[in-house]
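Student: I would like a close look at one part of this model. Please take it slowly and connect it to the rest.

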Amino acid sequence: TRATTLGAAGAGSRVTVQLGEAATRVRDLLEDNFDDLYDAFTELDAGGNGRLTRGEFKDGLRGVGATVQQLPDAAVEELFDAIDTESRGFISLKDFLVAFQPSDGKRKR
């Protein structure tokens, strides 16, 4: 299982959560389909309001090729909840960037 640190928006504390294989699969999917994480976020943000709802997150991942076999709905739900550390019901751009930034800060090519 892979651990990543997610920053709580607006707070100085950092929370470590286990995102596991689902986060790695999503990160790889995003890197394979988009130029950068900002482009990925704006594409998944169907409402264009700067927030990914649970539905936008799941539908967006399915839209770029994440099959239910590769990434079951339960894994997407858990991942959403892990990224939405304040239980606001959405993922902000900041949350998204922190969650999916490669640990070494570099994109794989």
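Which residue forms a salt bridge with aspartate 73, and how far apart are the closest N and O atoms?

Tutor: The partner is arginine 62. The closest N and O atoms of the pair are 2.6 Å apart. Aspartate 73 belongs to helix H4 and arginine 62 to helix H3, so the pair ties together parts that are 11 residues apart in sequence. Keep in mind that this is a predicted model.

Why can such a pair form at all? Side chains of opposite charge can pair when their charged atoms come close.

Now check how open the two partners are. Aspartate 73 has 34% relative accessibility, so it counts as partly exposed. Arginine 62 has a relative accessible area of 24% and is also partly exposed. The cut-off matters here: buried means under 20%.

A second salt bridge joins these helices. Arginine 54 pairs with aspartate 81, and their closest N and O atoms are 2.6 Å apart. Arginine 54 sits in helix H3 and aspartate 81 in helix H4, so this pair ties together parts that are 27 residues apart in sequence. Arginine 54 is partly exposed, at 29% relative accessible area. Aspartate 81 is partly exposed too, at 42%. The pair is part of a network of salt bridges that links Arg54, Glu77 and Asp81.

Next, look at H3 itself, which covers residues 54–63. Its buried residues are Glu56, Phe57, Gly60 and Leu61. Seen down the axis of H3, they fall within an arc of 125 degrees, so they line one face of the helix. Turn to the face that points away from this buried side. There you find the exposed residues Asp59 and Gly63.

What do the buried residues of H3 pack against? They meet the helices H1, H2, H4 and H5. They also pack against strand E3 (51–53) and strand E4 (90–92). After H3 comes glycine 65, with a positive phi near 110 degrees.

Cross over to H4, residues 73–83. Here Ala75, Val76, Leu79, Phe80, Ala82 and Ile83 are buried. They cover an arc of only 165 degrees around the axis, which puts them on the same side of H4.

Past H4, find aspartate 84. Its place is in the loop between H4 and E4. Is aspartate 84 buried or exposed? Aspartate 84 is buried, with a relative accessible area of 4%. Leave aside its neighbours within four places in sequence, and aspartate 84 is in contact with Gly89 and Phe90.

Now follow the inward sides into the core. The largest nonpolar core has 25 residues. Leu30, Phe57, Leu61, Leu71, Leu79, Phe96 and Phe100 touch the most other members. Helices H1, H2, H3, H4 and H5 each supply at least two residues of this core. You have met some of these names already: Phe57 and Leu61 are buried in H3, and Leu79 is buried in H4.

Take leucine 71 as an example. Not counting residues up to four places away in sequence, leucine 71 touches Ala22, Arg25, Val26, Leu61, Arg62, Ala66 and Val76. Notice Arg62 in that list. Arginine 62 is the partner of aspartate 73 in the salt bridge you asked about.

Arg25 is in the list as well. The side chains of arginine 25 and glutamate 21 meet in a salt bridge, at 2.4 Å from N to O. Both lie in helix H1, four residues apart, about one turn of the helix. Glutamate 21 counts as exposed, at 52% relative accessibility. Arginine 25 is partly exposed, with a relative accessible area of 38%.

Finally, step back to the whole chain. The count of salt bridges comes to six. The chain has five helices and four strands. Along the sequence they follow the pattern β-β-α-α-β-α-α-β-α. There are 109 residues, and buried ones make up 39% of them. Consider the contacts with a separation of 6 or more: residues 24 or more positions apart account for 58% of these. The chain exposes about 5,900 Å², and carbon and sulfur atoms supply 47% of that area.

Key: Residues numbered from 1 in each chain as written. Predicted model: local features only at pLDDT ≥ 70, side-chain atom pairs only at ≥ 80, totals over all residues. Heavy atoms only, no water. Core = buried A, V, L, I, M, F, W, Y, C linked by side-chain atoms within 4.5 Å. Buried < 20%, exposed > 50% of the residue type's maximum accessible area, 1.4 Å probe, protein only. Contact = heavy atoms within 4.5 Å. Arc of directions from axis to C-beta. Areas by Shrake-Rupley, 256 points an atom, 1.4 Å probe, with all protein chains shown as cover. Salt bridge = Lys/Arg side-chain N within 4 Å of Asp/Glu carboxyl O.
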